[in-house]
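Student: Could you take me through one pocket in this model at close range, and then show me how its surroundings tie into the rest of the fold? I'd like one connected story rather than a list.

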Amino acid sequence: MIKKIVFLHIPKTAGQTVHSELLRIFGPEHTSPVRVHTQAGADGQFPEGYRFYSGHLDWETFDTADSDSFVFTVLRDPKDRIASFYFYLLHKSSLLNSEELSLDCNAGLKEIRNKTAPEYFFGEGEAWQRFIRDHYDNFYCKYFAFRKVRSSIDLDTLSAPKIIQRATNSCHDLDRVYTTKKLSNLENDRLTLTGKPVSIANTRINVGPNCNVNDNWAELLKLMESDENRARLMRFTTLDEILINNLKQERILH
């Protein structure tokens, strides 16, 4: 009997839909309040006493071999994830007034509101580039290789092949790695694990403003202004695409 379900939520991968459906099943009293790694207190990012854990969480200290847990994540096409994330934040920033944008917690939204796409992704400043790399640059590989949300600084410590191999190995440690293209597989597993049906594949929560655009990535490339910038942005997905191909070949991606 599975006692705990752990959802490692990667931004813009249908995570809000997955979370809301499982929250409905488990109830808030059995759901960990830690949704973002920065919210963790003295009890850490996986405090004891809950049956459902879900969020943008570091998991380098979590025992994925725990037989009482079912640990999973959901992946989306890397290019589409980056573009969707960008347009989502751009839209979110447009809803804030100047006073709200001046708050420290909205620093990233202020940047995306006041900069062109090339300035946003490739602007100067070590701290800003660290932010961009943490959130956009081959996020899947870094998250799985180092098991932390913000791990771009670790990317420089290993060669690309080693990072990809380490990320692939980490995915083996998870119980399931789903794709947004086949969320019905996630629905079927949740029914088996909880005994209750969930509606995920045909439910959309927290969708971006370009949800009806056929190719978000193409729209983002149009904003990059030069072939050099487009090539730089495409490098943000190179390792992640290799990782996904590995997961498909090894039949890890469901």
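Tutor: Sure, let's go for the second largest pocket, which holds about 260 Å³ of space. Keep in mind that this is a predicted model. The pocket's lining is made up of 14 residues, and those that lie nearest its centre are Thr179, Lys181, Ile244, Lys248 and Leu253. Which helix or strand gives the most to that lining? It's α13, with four residues.

Let's follow α13 first. This helix covers residues 238-249, and arginine 251 is found in the segment after it. Arginine 251 has a positive phi of about 55°, although it is not a glycine. That's worth a second glance, since most residues other than glycine have a negative phi. Is arginine 251 buried or exposed? Its relative accessibility is 75%, so it counts as exposed; the cut-off for that is over 50%.

Now for Thr179, another of the residues nearest the pocket centre. Threonine 179 sits in β4, where it is the bridge partner of leucine 75. The strand on the other side of that bridge is β3, residues 69-75, and β3 and β4 pair in the parallel sense over four bridges. In general, strands of a sheet pair through backbone hydrogen bonds, either parallel or antiparallel.

Step back and you get the whole sheet: it is open, has four strands in the order β2-β1-β3-β4, and its pairing is parallel. β2 (52-55) and β4 (176-179) stand at the edges with a single partner strand each, so each has one side without a neighbour in the sheet. From one strand to the next, the twist averages 20°.

β1 takes us to another residue with an unusual backbone angle. Lysine 12 is in the loop between β1 (4-8) and α1 (15-26), and it has a positive phi of about 65° without being a glycine. Unlike the arginine we met earlier, lysine 12 counts as buried, because its relative accessibility is 12% and the cut-off is under 20%. Lysine 12 also lies over the face of tyrosine 88, at 4.2 Å from the ring centre.

Carry on past α1 and you reach threonine 31, in the loop between α1 and β2. Threonine 31 is buried too, with a relative accessible area of 8%. Between threonine 31 and tyrosine 50 there are 5.6 Å in space, C-alpha to C-alpha, although they are 19 residues apart in sequence.

That leaves the rings. With pairs counted when ring centres lie within 6.5 Å, the model has 23 aromatic pairs. One of them joins phenylalanine 70 and phenylalanine 72: the centres are 6.2 Å apart and the planes are at 45°, so this pair is tilted. Phenylalanine 70 and phenylalanine 72 are both buried. Compare tyrosine 86 and phenylalanine 87, whose centres are 5.4 Å apart with the planes at 70°, so that pair is edge-to-face. Again, both tyrosine 86 and phenylalanine 87 are buried.

Those last two rings also belong to a cluster linked by ring pairs, with Phe85, Tyr120, Phe121, Phe122, Trp128, Phe131, Tyr136 and Phe236 as its other members. One cluster member has a charge over it as well: arginine 232 lies over the face of phenylalanine 122, at 4.0 Å from the ring centre.

Conventions: Residues numbered from 1 in each chain as written. Predicted model: local features only at pLDDT ≥ 70, side-chain atom pairs only at ≥ 80, totals over all residues. Heavy atoms only, no water. Phe/Tyr/Trp six-rings, centres within 6.5 Å; stacked < 30°, edge-to-face > 60°. Buried < 20%, exposed > 50% of the residue type's maximum accessible area, 1.4 Å probe, protein only. Lys NZ or Arg CZ within 6 Å of the ring centre and 35° of its normal. Pairing = 2+ DSSP bridges. Helix = DSSP H or I, 4+ residues; strand = E, 2+ residues; numbered from the N terminus. Axes fitted to C-alpha atoms, helices over the stretch in contact; angles between N-to-C directions. 1 Å grid on protein atoms, 1.4 Å probe; cavity = no way out; pocket = protein on both sides within 12 Å on 5 of 7 lines; lining within 4 Å. Points joined across faces, edges and corners; volume = space filled by probe spheres on them.
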